[in-house]
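Here are some exercises to work through with the structure in view. Try each task yourself, then read the solution step by step.

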Amino acid sequence: MSVARIAVLILAVLAAAAAAWLASSFVGTDVQQAQAPEPQIVTDEVLVASRDLQVGAKVTPGDLRWQTWPTEALTTGYIVKNRTPDAMTSMQGALVRAAMLRGEPITNAKVINAASAGFMAARLGQGMRAVSVAISPETGAGGFILPGDRVDVIVTREARSDTGRENIVTSDTVLANVRILAIDQAFGEANADTGEKIAVGKTATLELSPKQAETLARAQAMGDIWLSLRSLADTATGGPVDTGALGGSGSNSNARRGSAVTVVRYGVQSLEQPRTSR
């Protein structure tokens with residue numbers, strides 16, 4: 001073999017080696033670029049509803065949970081764990097002001113704390129009103145009436161007999177199955193640790209419809225208001241009922257001097273006891 005052919009073969013081998021080296025360099029660069037890690041998403045933990053929450057519902061343990069949320073997707077009003085780590089505990093007992101779906105972020109505009117203004121309005125059912133009446137241990141079942149209980153409202157009043165010589169005391173149940181919203185400014189039940197079930201107060205707040213609120217206002221102007229605590233077994237599933245007792249007329253004419261008369265007005269019994277004027 002001539003020297004020229006040997007030189008050509010050597011040059012060919014060297015060229016092939018160089019081409020192979022260049023090819024492997026390009027392939028390695030592509031693999032490294034393909035395996036480069038994606039940018040990591042920064043996240044926070046946001047307080048969300050763990051189930052569907054309806055308007056007026058009280059927040060209980062298990063209704064809330066922390067959920068991972070992209071930091072760049074946070075908006076004003078979201079409750080973030082690294083800012084308020086005790087938010088889940090402090091939200092217990094709050095009321096829902098706006099309906100929320102499962103997984104929806106909690107905001108202060110959607111729930112209201114018991115210490116906040118507007119809490120009572122959030123407790124009211126749709127179309128209902130909060131009306132307060134003065135009570136005492138004597139007229140409020142000895143302090144055993146608690147927020148959430150159901151009561152009947154009784155009005156006691158005096159009227160002159162037909163002869164004008166005697167005062168007749170009448171009592172009528174004017175409203176039935178009324179829910180107690182609060183005693184004074186206490187919204188919750190009695191102390192669970194002590195088991196105490198007494199809430200002595202001077203004012204009871206009742207949940208009534210607008211027309212029933214008018215009935216209560218008339219009853220307050222006519223005489224003394226008494227609250228009669230209903231048994232749990234007697235609590236009706238519906239709302240408060242206006243008995244219509246204040247709509248009757250002429251019933252007092254049945255009273256006679258010196259004797260008690262039982263009068264039935266619209267299915268509600270009342271006892272009329274004559275009292276001699278001095």
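**Exercise 1.** Find the salt bridge that Asp-152 forms with Arg-230, and work out which parts of the chain the pair ties together.

*Solution.* Keep in mind that you're looking at a predicted model.
- Start with the contact: the side chains of Asp-152 and Arg-230 come together with N and O 2.7 Å apart. The cut-off for a salt bridge is 4 Å, so this pair passes.
- Next, place the two residues. Asp-152 sits in strand E6 (residues 150-160), while Arg-230 is in the loop between strand E9 (224-229) and strand E10 (241-242).
- Now put that together: the pair links parts that are 78 residues apart in sequence.
- Finally, check the cover. Asp-152 has a relative accessible area of 16%, and that makes it buried, because buried means under 20%.

**Exercise 2.** Look at Lys-211 and Glu-214: how many residues apart are they in helix H4?

*Solution.*
- Both belong to helix H4 (residues 210-222), and they're three residues apart, so about one helical turn separates them.
- Their side chains meet in a salt bridge, at 3.8 Å from N to O.
- Now compare each value with the cut-offs. Lys-211, at 60% relative accessible area, is exposed, whereas Glu-214, at 41%, is partly exposed.
- Want another one to look up? The structure has seven salt bridges, and one of them joins Lys-110 to Glu-104, with the closest N and O atoms 2.5 Å apart. Glu-104 is partly exposed at 22%.

**Exercise 3.** Is strand E8 largely enclosed or open, and which strands pair with it?

*Solution.*
- Count the buried residues first. Strand E8 covers residues 203-208, and five of those six are buried, so the rest of the structure largely encloses it.
- Now look for a partner. Strand E5 (residues 129-134) runs antiparallel to E8, and six bridges join the two. You can spot Ala-134 opposite Thr-203 of E8.
- Then find another partner. Strand E7 (residues 166-183) also pairs with E8 in the antiparallel sense, over four bridges. Here Ile-180 has Leu-206 in E8 as its bridge partner.
- Stay with E7 for one more contact. Arg-179 is in this strand, and its side chain makes a polar contact of 2.9 Å with the side chain of Glu-207. Arg-179 is buried, at 19% relative accessible area.

**Exercise 4.** Find the aromatic pair and say whether it is stacked, tilted or edge-to-face.

*Solution.*
- You need a distance and an angle here, because a pair of aromatic rings is described by the distance of the centres and the angle of the planes.
- There's one aromatic pair in the structure. Trp-69 and Tyr-78 make it, with 5.9 Å from centre to centre and 90 degrees between the planes.
- Planes over 60 degrees apart count as edge-to-face, and that's how this pair is classed.
- As for cover, Trp-69 is buried, with 17% relative accessibility.

**Exercise 5.** Which residues make the nonpolar surface patch of about 390 Å²?

*Solution.*
- The patch is made by Ile-6, Ile-10, Leu-11 and Leu-14.
- Take Ile-6 and place it: you'll find it in helix H1 (residues 3-34).
- Last, check how open Ile-6 is. Its relative accessible area is 39%, so it counts as partly exposed.

How values were computed: Residues numbered from 1 in each chain as written. Predicted model: local features only at pLDDT ≥ 70, side-chain atom pairs only at ≥ 80, totals over all residues. Heavy atoms only, no water. Phe/Tyr/Trp six-rings, centres within 6.5 Å; stacked < 30°, edge-to-face > 60°. Buried < 20%, exposed > 50% of the residue type's maximum accessible area, 1.4 Å probe, protein only. Pairing = 2+ DSSP bridges. Patch = residues over 30% accessible without salt bridge, like charges linked within 9 Å, V, L, I, M, F, W, Y side chains within 5 Å. Areas by Shrake-Rupley, 256 points an atom, 1.4 Å probe, with all protein chains shown as cover. Polar contact = N/O pair within 3.5 Å; in protein donor to acceptor, adjacent residues only side chain to side chain.
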